[in-house]
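Student: Could you walk me through one part of this structure, slowly and in plain words? I would like to know what touches what, and how each term is defined.

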Amino acid sequence: MDEKSLYVKDACVIRLKELCLVRNIRLNTLATLSGVTPSTVYSLMDERRRDVSVITIKKMCDGLGITLKEFFDDRIFDELEQEIR
């Protein structure tokens, strides 16, 4: 992945971090609110991991009090790289 490439997983991580920053909550708090373990959240943030589960994102959205539509309705998802390599 070059420096300018942005994939779905990267965009999800950026979006989650942004939402946490706006709400002034830490990743551990996000885990608690979402009903997932902190290791699940930190694993998602790991740059070496390339996959992301929609179910996990949905749980985090539930914890943040937003819908999946609200989560994905962000400019960061508009120009992603093709996932087929």
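Tutor: Happy to! A helix here is a DSSP run of H or I with at least four residues, a strand is a run of E with at least two, and both are numbered from the N terminus. By that rule, Asn 28 lies in helix 2, and that helix is a good place to begin. Before we do, please keep in mind that this is a predicted model, in which local features need pLDDT of at least 70, side-chain atom pairs count only at pLDDT 80 or more, and totals for chains, interfaces and linings use all residues. Residues are numbered from 1 along each chain as its sequence is written, and side-chain values use heavy atoms, leaving out hydrogens and water.

Let us stay with Asn 28 for a moment. To say how open a residue is, we call it buried under 20% relative accessible area, exposed over 50%, and partly exposed in between, using a 1.4 Å probe and protein chains only. Asn 28 has a relative accessible area of 39%, so it is partly exposed. Contact means heavy atoms within 4.5 Å. If we set aside neighbours within four places in sequence, Asn 28 is in contact with Pro 38 and Tyr 42. For a sense of scale, Asp 78 is 50 residues from Asn 28 in sequence, and their C-alpha atoms are 29 Å apart in space.

Those two partners of Asn 28 bring us to the next helix. Helix 2 covers residues 27-34 and helix 3 covers residues 38-45; their axes come within 8 Å and cross at roughly 125 degrees. An axis is a line fitted to C-alpha atoms, for helices over the stretch in contact, and the angle between N-to-C directions runs from 0 to 180 degrees. Angles under 35 degrees count as roughly parallel, over 145 as roughly antiparallel, 65 to 115 as roughly perpendicular, and the rest as oblique. Helix 2 and helix 3 are therefore oblique to each other. Their crossing is right-handed; that word applies if the near helix is turned clockwise from the far one by less than a right angle, and an anticlockwise turn makes a crossing left-handed. On the helix 2 side the contact is made by Leu 27, Asn 28, Leu 30 and Ala 31, and on the helix 3 side by Pro 38, Val 41, Tyr 42 and Met 45. By class, that gives seven nonpolar residues, one polar and no charged. In this scheme Ala, Val, Leu, Ile, Met, Phe, Trp, Tyr, Cys and Pro count as nonpolar, Asp, Glu, Lys and Arg as charged, and the others, Gly among them, as polar.

Now look at Leu 30, which also lies in helix 2. Its relative accessibility is 0%, so Leu 30 counts as buried. Beyond its neighbours within four places in sequence, Leu 30 is in contact with Leu 16, Cys 20, Ile 25, Val 41, Met 60 and Leu 64. Val 41 is 11 residues from Leu 30 along the chain, with 7.9 Å between their C-alpha atoms.

Some of those partners take us on to another pair of helices. Helix 1 (residues 8-23) and helix 4 (residues 54-64) pack at an angle of about 15 degrees, with axes 12 Å apart. These two are therefore roughly parallel to each other, and their crossing is left-handed. Cys 12, Leu 16, Leu 19 and Arg 23 of helix 1 meet Ile 57, Met 60 and Leu 64 of helix 4. That contact has six nonpolar residues, no polar ones and one charged.

Helix 1 also holds Lys 17, which is partly exposed because its relative accessible area is 44%. The C-alpha atoms of Lys 17 and Met 45 are 9.1 Å apart, although the two residues are 28 apart along the chain. Just past helix 1, Asn 24 sits in the loop that leads to helix 2. Asn 24 is exposed, at 70% relative accessible area, and its phi is near 55 degrees, a positive value in a residue other than glycine.

One last stop is the cysteines. The structure holds zero disulfides, a disulfide being a pair of cysteine sulfur atoms within 2.5 Å. The sulfur of Cys 12 has its closest cysteine sulfur in Cys 61, 8.7 Å away, which is too far for a bond. Cys 12 is buried at 1% relative accessible area, and Cys 61, also at 1%, counts as buried.
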